[in-house]
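Biologist: Hi! Could you walk me through this model before I head back to the bench?
Modeller: Happy to, let's pull it up.

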Amino acid sequence: MTVGIIGAMEEEITNILEDMNVLTTKNALGLDFYLGKLNDSAHNIVLVRSGIGKVNAALCVQVLIDLFAVDAVINVGVAGAIDKRVKIGDIIISTDAVHHDFDTTALGDEPGVISRMESSVFRADDALISAAERAVEAIGFPVHKGRIASGDQFVSDPEQKDRIGRLFAPLCCEMEGAAIAHACYLNMVPFVIIRAISDNAEEGSNVNYERFFRESAVIAGRIIKTMLAQM
Ligand code: ADE
């Protein structure tokens with residue numbers, strides 16, 4: 001199996017890249033796609049830093065599928081906590097993903113609903129979810145399984161956090177997951193999102209983010225490596 005791994009930022013992929021035996025690097029969209037194997041994993045890996053935000057992430061998925069024929073996509077990175085039970089350093093495994101900033105409510109749609117699409121809630125793959133759960137269990141980090149909400153915004157305002165929580169009931173928010181999920185859904189490719197919490201997505205979250213995001217990114221990377229070794 002060939003597995004595509006996407007992180008938005010350098011810090012979210014370096015920890016994985018360090019353990020990769022890179023056979024070749026290809027460039028597309030001005031991005032480096034690292035093709036090779038990960039220690040202890042039988043699978044072929046294509047690792048890429050997509051850049052931040054939903055458009056960058058979706059385009060990256062399409063390249064992974066069209067040029068590198070990946071069979072599955074894993075998104076790795078950090079996120080801000082929305083659910084009260086979720087703390088900095090916790091791991092989130094997606095069950096589904098939604099766009100919290102998709103808004104045609106003025107036309108009568110519900111928030112987050114992409115009108116004229118069959119679904120606006122993109123379900124992660126059960127087998128990948130189970131593999132991620134086994135990996136987190138093996139390492140022993142606190143873990144939550146549930147919805148991830150994505151938007152092209154860094155959430156640091158209590159009102160915005162509250163709105164996202166009320167309307168979508170996600171565990172956390174970030175800026176790529178739903179776009180990756182959406183692109184995978186259209187291509188009928190399985191995906192899972194694995195995120196480590198770097199901040200509380202409220203006042204001061206930028207400070208916490210700066211403090212914790214490197215550490216959280218390393219934790220999320222560790223999960224991916226363990227997961228692939230067990231798959
Ligand atoms: N990624 C990590 N923290 C985030 C936040 N608070 N908002 C959006 N994306 C994030």
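Biologist: How many of the nine residues of strand β6 are buried?
Modeller: Bear in mind that this is a predicted model. In β6, residues 91–99, nine of the nine residues are buried, so the strand is largely enclosed by the rest of the structure.

Biologist: Which strands does β6 pair with, and in what sense?
Modeller: With β8 (residues 143–150), β6 pairs in the parallel sense over eight bridges. Its pairing with β10 (residues 191–199) is antiparallel, with three bridges. Strand β7 (residues 122–123) also pairs with β6 in the antiparallel sense, over two bridges.

Biologist: Nice. Which residues are the bridge partners of Ala97 and Asp96?
Modeller: Ala97 has Ile148 in β8 as its bridge partner, and Asp96 has Arg123 in β7. Over in β10, Arg195 stands opposite Ile92.

Biologist: Switching topic: how many disulfides are there?
Modeller: The count comes to zero disulfides. Cys60 is in no disulfide, as the nearest cysteine sulfur, in Cys184, is 11 Å away.

Biologist: Why is there no bond for Cys184?
Modeller: Its closest cysteine sulfur, that of Cys60, is 11 Å away, and that is too far because a disulfide needs the sulfurs within 2.5 Å.

Biologist: Are those cysteines buried or exposed?
Modeller: Cys60 is buried at 0% relative accessibility, and Cys184 is buried with a relative accessible area of 0%.

Biologist: OK, on to charges. How many salt bridges turn up?
Modeller: A search of the whole structure finds 11. One of them joins Glu10 and Arg49, with the closest N and O atoms 3.9 Å apart. That pair links distant parts of the chain, since Glu10 sits in helix α1 and Arg49 in strand β4 (residues 44–49), 39 residues apart.

Biologist: Where are the partners in the Asp19 and Lys225 salt bridge?
Modeller: Their side chains meet at 3.1 Å, N to O. Asp19 is in the loop between α1 and β2, while Lys225 is in helix α6 (residues 205–230), 206 residues apart. Asp19 is partly exposed at 27% relative accessibility, whereas Lys225 is buried at 15%.

Biologist: And what about Arg85 and Asp83?
Modeller: Those two side chains meet in a salt bridge at 2.8 Å, N to O. Arg85 is exposed, with a relative accessible area of 60%, but Asp83 counts as buried at 19%. Elsewhere, salt bridges that share partners join Glu174, Glu176 and Arg195 into one network.

Biologist: Last one: which residues of helix α1 are buried?
Modeller: In α1 (residues 10–18), Glu12, Ile13, Asn15 and Ile16 are buried. Seen down the helix axis, the buried residues fall within an arc of 150°, so they line one face of α1.

Conventions:
Residues are numbered from 1 along each chain as its sequence is written. This is a predicted model: local features need pLDDT of at least 70, side-chain atom pairs count only at pLDDT 80 or more; totals for chains, interfaces and linings use all residues. Side-chain values use heavy atoms; hydrogens and water are left out. Buried means under 20% relative accessible area, exposed over 50%, partly exposed in between (1.4 Å probe, protein chains only). Helices (H or I, at least four residues) and strands (E, at least two) are DSSP runs, numbered from the N terminus. The arc is that of the directions from the helix axis to the C-beta atoms. Two strands pair if DSSP finds at least two bridges between them. A salt bridge is a side-chain nitrogen of Lys or Arg within 4 Å of a carboxyl oxygen of Asp or Glu.
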